[in-house]
Structures are given as structure tokens and as C-alpha cells.
Amino acid sequence: MGIRGLKNIRDEYDVIVIGAGLGGLTCANMLARRGNTVLLLEHHTLLGGLAAYFRRKKHIFDVALHGFPVGMKKTCRKYWNRDISDRIVPLTGIRFDNPQFQLETDYTKESFIKILIEKFGVPQEAVAEFFEHTRRMNFYDGDNSTTRELFQKFFPGREDVWRLLMEPITYANGSTLDDPAISYGIVFSNFMDKGVYTFRGGTDLLMKMMEEELLKSGVDIRTKVLVEKITMENGRVTGVMANGEHIRTRAVVSNANLKRTVLEMLDEEAVPADFRKQTEKLRVNNSSCQVYIGISENEKIDFIGDLLFTSTAEKFSENLMLDKNVTSRTFSVYYPSIRPEHNRYAIVSSSNARYEDWSGLTEQQYRADKEHLAEDTLDHLEKYVPGIRKKIDHLEVATPLTFKYYTRHIGGASFGTKFEGLEISNRLPERIPGLFFTGSVGIIMSGWLGAANYGVIVSNNVERFLKNSNG
Amino acid sequence: MSKSQLRSIVTDIIKSIAPDEDLSSLDPEKPLRAQIDLDSMDFLDIVMELRVRYNIDVPEADYPQLNSLASTVNYLMPRMQGV
């Protein structure tokens, strides 16, 4: 994708965007549409960031395609184009299977209300109040309570209900019961309301269509370009050093890791000491492991659901979900309907993981641990797809080290930073004039929808800056 | 520019952002969000359109002033001079 290396670029740009995740892509597209000259730099060969895919033999594996909220349809229509928006379709089968309950849902509000009342026996009033309360939650209310307190208030002692409401969100963005209730409420209202959606055609087609749109908008895209430094003069951003070359720009938008942007890309003396300290304390979210399972060409699997939240743990536990001894897995099942002309099945198993559990191992131990994870995953999948071992022709594991390699995120973080990152991101342009950040900071601005929308929000801030600095 | 001209400028922008909404029966005094389906990104779109079309800068602190059609018109009135 794109042109590799820094060939045929301008001497100077209005904006350079570092990183081609969904936030960087959307921000670049909006800025170019408004007539700014934009250079988008990506260190990898492919666009998308964690909205990634890769090919092996005759398989195409999607890293994060299942699924996102319906709002993505509107966001793509407004900030990309109608063709992209029209390909967004609902998933129908979302299953939960754990020692506390087994159920199937289409992830709509109606379905959750029915399940909570009929299956879990929660009084109707409590369910209605919970939905109303989360819907009304406002980011600016300054509510400091935690998600645990929120659940305790509406569903006291009902850990099975907590699990139903929390486990998918923990998978989706790494948040915990001790994160702010407000960020949970907003994500819950977005997600567990009108269903879960996916992109018909796969991540590869989405990225191809986005690249075409970017080129139409006039963005210069260059891949295999690693930004080493953001340069400053007289207290404001003047350019970037990338692949050993200096490129001048009036503003930089970073879609890289927030800590890396502030602590590594800027010279130490360029960052006010208090801001540096605040950024050093910023916590990154956990990482992930994935197992990619390719089904042989002539094999089929029956419909077992699109998304299976499975766990063998007795109760919901964020720590157990991160444990290297995996008990909780999400199986994303990709049927031929996602890429009709391709006609292959694939299953991707995802679990949350800690970087430190996988780093510092000997090569031999690392290989052995990966193999153990792959085999253990197949053992669990056997319950849902009997005879799975005979049906597959590709098996591959990604660990937190893999995520780090492709995204260059500190700790291989697969969900950006904790919520305090939003404040740092918001204040960045005040502290470092000309530098903006778009990327997952806390769970509101994360996931496909949050990332794309944050790109738009930041594009507005960049435009204001460019206009005002024109005098 | 008169208030009614300004009101039609604002409704034109809203129409471009929410093409499926019926704006003919909007009560100018009532909050927009209580009457039509506008989310926070739609509000941002209104702000961005005001800048692109009329070169008006609305800082984030002023967003609450775009609550209803009438308050939006009052807010924009002094800022539209010379446009």
C-alpha cells in the first residue's frame, strides 16, 4: 500500500500525520479534504494500525474486524464515503459460554433487557433504570464513581450480571471494574444498544477503499517510514526527522503511542518538566494474544455464532483474563460471507495478556509457550467445532511482542492508554504548540468508532491552530 | 444580515449534516437535540461547517451556546458581521 519510502514529497506540509491507525487515517482525510497539504507516514507496509489483516498461504486473517458499534456507519458516511458506509453490516450471533451462564444475543438493547429480566431474574425497574442511567451519563458531569460502584448500585451482589455486562467491554478495550463508571457508561450505550457490526469485504478491502479516498482527498501516503524525532524551533513544531531526513511542517498529528510521542520523539528540553512527569506516570492498557486458525480449503464449519465470549473461570476476574494461563477467550469466526469471492473460513481467538509475561524469555521458551497457547486454544475450540484439528491447515500465534513489533506501542498495548491519557492528549497542543495527538486514550476514544471520531475531533483542533497561526 | 437569513444559513448546515431529519417544524427555542437526532459529532460538524463556509471560529467552551436554533443565531449574529 502507498509508496514506500520518502520519494516525491513536498519540501513542506501544513500537517504531517505520524501513524496510519484509524485515528491518523481519518484525521489525515479530513484535513486534506479541507484543502491542507497532508503527509501521512506509516512505519509498517500496511495502513490500518490495529485495524490490521495479513495473508498466509490462501488465508486472509483479520486482527480486529469483529465488531464495532453501529455509529461507525454514520462516521464512515460523513468522514469517508457512502460506499464504505454501505458495507457495514450487523453480526447476528453473539454467544456467551462460561460456568455462570450460556446465552445467545444479537447485542441489541431489547435483547439485553429480555435476557436480564427473563434469564437473570433482575426486576424490570432495575434494568430500565440502568439503561436510562447509562444513557444519561455525561462526560462533563465530573462523576468520579467506578464501574464496580455502578454495578453494585443497580445489580447488588449479582456477579453473573456484572460478567455479562463487563466481560465483552474488557475484551474490547482492556477496561476494568475500577475504571471510571462514566467511560464504561458511554461505551456501553454505544455498544450494547443496536448490535455489533462488521465490514463486508474484510479489513483488506476497507483499507484499500480508505487509501483510494485519501488519495482522492490529496493526502501523500508514504509507508516504511519511521519517524524518529519531532523537531522544534522557538517553542513550536517545525518538522519531523524520518528515515534520516528532515521534513518541514506547520503541525504534527501523532497517531503513535502517546508516551512515545512525548517522551521519545520530542527532545527532553522541549517538554515542560511537569508535563513530562505527568506523561511518565501515564498507564498504558494491557496487550493481547491472538491465535489465527485457518480452515482447509475443502472444509466447512457450521454456523456457531460470529463472536463467542468463552471462559472456564468460575467468576469474572480481570486478573484471570490477563493471566498467561488463559481461561477466557473470544473466538471471532469469519465465514465465507465476509469475503464471498474468497470462500474460506477462519477463526481468530483473542485473549488479553501482559507484556511482561512474554518478554525476556529465551527463544526456546518463547516458542514453547506459543505452541502451548495454540494447542490449548484448539482444545477449547473443540467444544464448539468438533474435529477442529482435522479441519485446519494454518495455525499461528501473536503475542504482546508481536503487537509491539507492528505498532511500536510501549508494552505492545493493544488498547492505547488508560483514561488519564485523554487529559494529556488534550493539553498537548498547549504545551507543545503545533503538536496534536489522536489515538486510543481511555476507553471513550478507543475502538474503531472512537478512534475514527477522535481523528475528526483532532482535525478540527488542527485546523483552528493553522488558521489562527496564519494571523 | 437578518435573523431569518442567519436562521436559514444554520438550518442549511444542519440539513447537510442530518439529511434525513425534517427541519420544517423545529421550535427555535427548544434544544435541537430534543427535537432531532443530533449527536456530539454532528455538533462538531456544525462547528466545522461554520468555519469552512463563513470563517467563523467557535471554541469548545462556546459549544453550549449552540443548544437551540435561537441561541445559535444569537451567538452567530455579532460574529457574522462582514461575512
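**A friendly note on chains A and B**

1. Let's start with helix α4 of chain B, where B:L69, B:T72, B:V73 and B:L76 are buried. Viewed down the axis of α4(B), these buried residues sit within an arc of 100 degrees, so they line one face of the helix. As for their partners, the buried residues of α4(B) pack against α1 (3-17) and α2 (32-35) of chain B. Please keep in mind that this is a predicted model.

2. Next, the loop that leads to this helix. B:E60 is found between α3 (40-54) and α4 (69-76) of chain B. Is B:E60 buried or exposed? B:E60 counts as partly exposed, because 13 C-beta neighbours lie inside 10 Å, and the partly exposed class falls between 12 or fewer and 20 or more. Along the chain, B:E60 and B:S71 are 11 residues apart, and their C-alpha atoms are separated by 16 Å.

3. Now to the place where the two chains meet. Here nine residues of chain A are in contact with eight residues of chain B. Which helix of chain A gives the most to the side that touches chain B? That is α17 (residues 447-469), with seven residues. By character, the chain A side divides into five charged, two polar and two nonpolar residues.

4. One last residue to look at in chain A is A:E125, which lies in helix α5 (residues 124-136). A:E125 is exposed, because 8 other C-beta atoms lie within 10 Å and the limit for exposed is 12 or fewer. A:E125 and A:T45 are 80 residues apart in sequence, and from C-alpha to C-alpha they are 52 Å apart in space.

Conventions:
Residues numbered from 1 in each chain as written. Chains lettered and ligands numbered in written order. Predicted model: local features only at pLDDT ≥ 70, side-chain atom pairs only at ≥ 80, totals over all residues. Helix = DSSP H or I, 4+ residues; strand = E, 2+ residues; numbered from the N terminus. Arc of directions from axis to C-beta. Contact = placed C-beta atoms within 7 Å. Nonpolar A, V, L, I, M, F, W, Y, C, P; charged D, E, K, R; others polar.
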